[in-house]
Amino acid sequence: MHILQAATPDASNVAEKFSADSLANKGAQLIETLQTTPPKEILSDLTTSAIQFGLKVVAALAIYFIGAWLIRKIKNIVNRAFTKRGADAALISFVQSLLSAALWVILIISMVGTLGINTTSLAALLAAGGMAIGMALSGTVQNFAGGLMLLAFKPFKAGDYIEAQGYFGWVSEINIVSTKIVTTDNREIIIPNGLLSNGKIDNYSTRDPRRIDLKVNVAYGTDVEAVRTELLRIASLNENILDRNTPGAWDPYVILSSMNDSSVEFKLRCWATGAEFMGVIYWLNETIYTELPKHGIQFPFPQMDVHLKQDGIPQN
């Protein structure tokens, strides 16, 4: 006689299992069985049931450890296969995270089935819960869709230097719902893919070389040709500034861009590679600040001419 079977309802009939009448009937059956069954038989049935349940737990644990090992191996195989084909690192990380989530769901369902729980009822329960969770986590679904859009249109790839959502940094990883960038001060910023796919993305690594537009303000009365000659001389000193011999670049040149209230604004336009872009700007700023005054070219201070009137007579 199997006491555990007599006391436990069929797991496939969820409605009957959790009804009040069913629980009362099962409780009465259990009490009646305990009163009419010899203690030795009860102990034997309990021992058998415990052994069977223990074997199921051991099997479930074995499935877990083997499954976890297989998931790691599959992820490594996928990584090597994509890397061998030269796939983008962002695509590799996205596929790995998506595959890992799917495999873990399969593994958990397999473990539950090994414990003797009806997976059909579990699947129905998960579907109902999944719908409720999906409505609650609509933003997560949007981020997942945003990740697919990023992989499809590829506005950036791993290693690109971008500006997005007010942050500057190098893209390190694209996951199912978010993208990680590393800033110049070595902070890791995690941005939801939904925001990235719907927002502005400034990719500084797509085009090479890049043009530098450096503003230089000098005092009124300064000779234009003297400024132009000196700025071009300074640009010729840096070997990282490109010329027309580099595809996509041109020789440096200087223009008078505007006349402001207190200064005359020139622009030095030159080209540099993406890797040297910021370094060239910093070098130009320091060199121009140091060299121009040596050649009689002064930087202006904000100034204002004030004319006073007394008894209607202008006073200088």
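This dialogue reads selected features of a predicted model, from its overall make-up to single residues.

Reader: What should I keep in mind about the numbering and the model before reading any feature?

Author: Residues are numbered from 1 along each chain as its sequence is written. The model is predicted, so that local features need pLDDT of at least 70 and side-chain atom pairs count only at pLDDT 80 or more, while totals for chains, interfaces and linings use all residues, and side-chain values use heavy atoms, with hydrogens and water left out.

Reader: How many helices and strands does the chain have, and what share of its residues counts as buried?

Author: Helices (H or I, at least four residues) and strands (E, at least two) are DSSP runs, numbered from the N terminus. By that reading the chain has 10 helices and 10 strands. Buried means under 20% relative accessible area, exposed over 50%, and partly exposed in between, with a 1.4 Å probe and protein chains only; of the 316 residues, 27% count as buried. A contact means heavy atoms within 4.5 Å, and among contacts with a separation of 6 or more, residues 24 or more positions apart account for 61%.

Reader: Which residues touch the most other members of the largest nonpolar core?

Author: A nonpolar core is a set of buried Ala, Val, Leu, Ile, Met, Phe, Trp, Tyr and Cys residues joined through side-chain atoms within 4.5 Å. The largest one here has 22 residues, of which Ile212, Leu231, Leu284 and Ile288 touch the most other members. Two or more residues come from each of β6, α9 (224-236), β8 and α10 (277-291). Ile212, when residues up to four places away in sequence are not counted, touches Leu268, Arg269, Cys270, Ala272, Phe277, Val280 and Ile281. A second, separate core of 12 residues includes Leu150, Phe156, Ala164 and Ile174.

Reader: How should I read the two sides of helix α10, and which of its residues are buried?

Author: An α-helix has 3.6 residues a turn, so residues three or four places apart point the same way. In α10, the buried residues are Phe277, Val280, Ile281, Leu284, Thr287, Ile288 and Glu291. Because they cover an arc of only 140 degrees around the axis, they lie on the same side of α10, the arc being that of the directions from the helix axis to the C-beta atoms. Tyr282, Glu286 and Tyr289, on the other side of α10, are exposed. The buried residues of the helix pack against β6, α9 and β8.

Reader: What span should α10 have, and how far apart are its end C-alpha atoms?

Author: The expected span of a helix is 1.5 Å times one less than its number of residues. For the 15 residues of α10 this gives 21 Å, and the end C-alpha atoms are 21 Å apart, which agrees.

Reader: How many salt bridges are there, and which parts of the chain does the pair of Arg269 and Asp213 link?

Author: Side chains of opposite charge can pair when their charged atoms come close. A salt bridge is a side-chain nitrogen of Lys or Arg within 4 Å of a carboxyl oxygen of Asp or Glu, and by this rule the count comes to 10. In one of them, the closest N and O atoms of Arg269 and Asp213 are 3.4 Å apart. This pair links distant parts of the chain, with Arg269 in strand β8 (residues 264-272) and Asp213 in strand β6 (residues 210-218), 56 residues apart. Arg269 is buried at 18% relative accessibility, whereas Asp213 is partly exposed at 33%. Salt bridges that share partners also join Glu230, Arg233, Glu291 and Lys294 into one network. Elsewhere, Lys157 and Asp160 meet in a salt bridge at 3.3 Å, N to O; Lys157 is partly exposed at 43% relative accessibility, and Asp160 is buried at 5%.

Reader: What does Glu291 contact, and is it buried or exposed?

Author: Glu291, in helix α10, is buried at 18% relative accessibility. Leaving aside neighbours within four places in sequence, Glu291 is in contact with Glu230, Arg233 and Ile234. A polar contact is a pair of N or O atoms within 3.5 Å; within protein, one must be able to donate a hydrogen and the other to accept it, and residues adjacent in sequence count only if both atoms are side-chain atoms. The side chains of Glu291 and Arg233 make such a contact at 3.4 Å.

Reader: Where is Asp208, and which backbone nitrogen does its side chain reach?

Author: Asp208 is in the loop between β5 (201-203) and β6, and is exposed at 53% relative accessibility. The side chain of Asp208 reaches the backbone nitrogen of Gly274 at 2.7 Å.
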